[in-house]
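Colleague: I have some questions about the terms you use for this one. Can we go through them together?

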Amino acid sequence: MQIDTYMLLRKLIHPMKKSYIIIALAAICASWAAAQNNIAEEVAWVIGDDPIYKSEIEQAYIDHQNERVPINGDPYCVLPEQIAVQRLFLHQADIDTVEVQEAMIQQQVDGQINYLITNLGSREKVEQYFRKPMPEIREYYASSMRDRYRVRQVQQELTKDIKPTPSDVRRYYDRLPEDSIPFVPLQVEVQVITLNPAIPRQEIDDVKARLRDYAERVNSGEADFSTLAIMYSEAPEGMRGGEIGFMGRGQLVPEYAAVAFNLNDTKKVSKIVETEYGFHIIQLIEKRGDRINTRHILLRPKVAEKDLAEAITRLDSVRADIVDHKRLTFAEAARYISQDKDTRYSQGVMVNQATGTTRFEMSQLPQEIARKVASMQPGEISEPFVMKDPKRDRDQVAIVLLTNRIEAHKANLADDFQQIKGMYEDSQSQKIIADWLQKKIDETYIRIEDGWRDCQFAHKGWIKQR
């Protein structure tokens, strides 16, 4: 039975897929009470002076089943080896005195708890589902994330000196078997110009009047904030009563944070707050150190049809001037006209946040832009069209220039150097980590008890001569 070392490590240290977090945690929480009642644990392995208990292996098996993660082989061989690998990394982290950024861990924990609340509806329902109080659920997350962080830091330290040259990448590519060369889907590079039509003053006044009415009803005891949020808020959190979960100041937009962190009365409602997303009213739920949990109601003023039409007319004129080579280029128009702050000062060039490059697969583009460029050729500029601002969820008008179109193909050095370079770096990292692990196994005291030894392990040397 051969297990790819790199994939084994990825399963070991990477966070659980979101779609399986709830069921995995349910199994974990259910096992805590049982584990606490075991007076005498059966030891399966010993790594240094650190035992691996049978109950840990059985729990790992349950987790894999609940997460629907396939186990390549006998689970009572594969899983204890995975746990042993993690112990070796964590032991090295102790030697290297790897420090955990506790603020970062707590921020990640907050994100996971907020995800659970979103899916189950409330903090109380999360606790009911797992049959554990929130502090214990939070501590499970924190412990798991600390271990992953420390393992990741050790790996990064081991592989930090990988700095391939173009010759290294070329030799690596030339040696790749034909069936190992990846297939690259259609990719495009685009520039964009956007206009955000002004919202009528009357529309803004109407939104503020509605929010003032909601605030007065809550402050007078006539209505419950959560109920109003469910009924009227345009924020994603509206369906769970407007609650956003614990956040640090840096996780909130400045205008929201400035008001939220000054709230002290959980029964009162804030003044109206304007952010880039719209207008809010906020209610404090709880403060905990430098983090705060609030609920809010968000209303977004709508752009009038006539203002959208005017913006379309203006961009149509700009497009005509660019196409007819009058006065300005697309890049100049992006700099002086576009209201998209992410691309305005880069000649309108869109950057793929997932890859850090200017290339996008069609599925990675906003839908409206993808539909436009699908039938365009490089050098063409689209007609003006209405699209949703992905951040503010309000209508805006845009034109796009398709600057490059890379058809689907097998990866090659000319078009996909960065991707192949990444593959080379991954292969080098795998080798370094595998070699390090083998050396650690050889140097470490390891004992595998009878009944756990009859396995084909991914790494040699686990079973020591007695």
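**Sheet, rings and disulfide**

Modeller: Let me start with the sheet. Four strands make an open sheet in the order β9-β4-β11-β10, and their pairing is antiparallel. This is a predicted model.

Colleague: What makes β9 and β10 edge strands?

Modeller: Each of them pairs on one side only. β9 covers 360–361 and β10 covers 385–388.

Colleague: How do you know that β10 and β11 pair?

Modeller: Pairing takes at least two bridges. β10 and β11 (residues 395–406) share four bridges, in the antiparallel sense. So the two strands count as paired. One partnership to look up: Phe385 bridges to Ala398 in β11.

Colleague: Which helix lies across β4, β10 and β11?

Modeller: Helix α12, residues 305–323. It runs at about 35 degrees to β11.

Colleague: On to the rings. Why is the pair of Phe89 and Trp436 called stacked?

Modeller: The structure holds eight aromatic pairs, and this is one of them. The centres are 4.9 Å apart, and a pair needs them within 6.5 Å. The planes stand at 20 degrees, and stacked means under 30. So both tests are met, and the pair is stacked.

Colleague: Which parts of the chain does that pair tie together?

Modeller: Phe89 is in helix α4 (residues 75–95) and Trp436 is in helix α15 (residues 413–443), so the link spans 347 residues of sequence.

Colleague: Are those two rings buried or exposed?

Modeller: The cut-off for buried is under 20%. Phe89 has 0% relative accessibility, so Phe89 is buried. Trp436 has 14%, so Trp436 is buried as well.

Colleague: What makes you say that Arg288 sits over the ring of Phe246?

Modeller: The charged end of Arg288 is 4.0 Å from the ring centre, and the limit is within 6 Å. The direction must also lie within 35 degrees of the ring normal. Arg249 likewise lies over the face of Phe261, at 4.4 Å from the ring centre.

Colleague: How do you know that Cys77 and Cys455 form a disulfide?

Modeller: Their sulfur atoms are 1.9 Å apart. The cut-off is within 2.5 Å, so the pair qualifies. A search of the whole structure finds one disulfide.

Colleague: Why is it called left-handed?

Modeller: The torsion about the S-S bond of Cys77 and Cys455 is about -70 degrees, so the disulfide is left-handed. Cys77 lies in helix α4 and Cys455 in the segment after β13 (446–448), so parts 378 residues apart in sequence are tied together.

Colleague: Why does Cys455 count as buried?

Modeller: Its relative accessibility is 19%, and buried means under 20%, so Cys455 counts as buried. Cys77, at 5%, is buried too.

Technical notes:
Residues numbered from 1 in each chain as written. Predicted model: local features only at pLDDT ≥ 70, side-chain atom pairs only at ≥ 80, totals over all residues. Heavy atoms only, no water. Phe/Tyr/Trp six-rings, centres within 6.5 Å; stacked < 30°, edge-to-face > 60°. Buried < 20%, exposed > 50% of the residue type's maximum accessible area, 1.4 Å probe, protein only. Contact = heavy atoms within 4.5 Å. Axes fitted to C-alpha atoms, helices over the stretch in contact; angles between N-to-C directions.
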